[in-house]
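Please look over the model shown here, with attention to its nonpolar core, one of its helices and its salt bridges.

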Amino acid sequence: MKRLIFCLLLAGFAPAMAQMPRNDDPPKLEVSVRRVEIGAAHMYEVDARGTVQAPLATAWRVLTTYERMSEFVPDLTLCRVLSRTGNEVIIEQFGTARFLFMSKSIHLIVRATESPMSSIDIALISGDMKQYQSRWDLYQMPDAGGTRIVYSGHLIPNFYVPGLLGSTMVRSDIERMMVAVLARLDSNRE
């Protein structure tokens, strides 16, 4: 569910103190999801982070080449730029959220506001969410080399999410998205 949203992908946590992965180790990943009751709605607060060996410029390039996201983000079938004006990009995404026997097609149009080499803020314009905000933060790791990638978001689906399974479903989607993003970044260490 959030992998699509990841395309936006895109959120904000405090930098964590994780070790750099070795060349043959998969990137280390930390994910937390918290469900918050807002009236009758369930909002999910998401935080995920990992460190890759790719330089900051490479991480930025991969995360802002939105049209290629569907090549490596699981269940994201289309991600296209509708317009670009300065540091604002309007993006359309189609994908599927999956968990066990359930799946839901998701369509979003979002605004990405880029702060080059630093952050990408994502805000919902329209689509299958009541609320969707996320942020990608990138931190150069001068002592260890590489880049710290931090994703955070707040979302309220515009469709039924089972109460007891909601956080698990969102966490599963975020983990799959982040594992794919970190692996793609680590494979592009130019």
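The notes below treat the core, then helix 2, then the salt bridges.

This is a predicted model, in which local features need pLDDT of at least 70 and side-chain atom pairs count only at pLDDT 80 or more, while totals for chains, interfaces and linings use all residues. Residues are numbered from 1 along each chain as its sequence is written, and side-chain values use heavy atoms, with hydrogens and water left out.

**Nonpolar core**
- The largest nonpolar core (buried Ala, Val, Leu, Ile, Met, Phe, Trp, Tyr and Cys residues joined through side-chain atoms within 4.5 Å) has 43 residues, of which W136, I149, Y151, I174 and M178 touch the most other members.
- Helix 3 (residues 166–186) gives the most to this core, with eight residues; helices (H or I, at least four residues) and strands (E, at least two) are DSSP runs numbered from the N terminus.

**Helix 2**
- Seven of the nine residues of helix 2 (residues 56–64) are buried, so the helix is largely enclosed by the rest of the structure; buried means under 20% relative accessible area, exposed over 50%, and partly exposed in between (1.4 Å probe, protein chains only).
- T64, in helix 2, counts as buried at 14% relative accessibility.

**Salt bridges**
- The whole structure holds 12 salt bridges, each a side-chain nitrogen of Lys or Arg within 4 Å of a carboxyl oxygen of Asp or Glu.
- One of them joins the side chains of E114 and R84 (3.4 Å, N to O); E114 lies in strand 5 (residues 102–115) and R84 in strand 3 (residues 76–85), so the pair ties together parts that are 30 residues apart in sequence.
- E114 is buried at 9% relative accessibility, whereas R84 is partly exposed at 44%.
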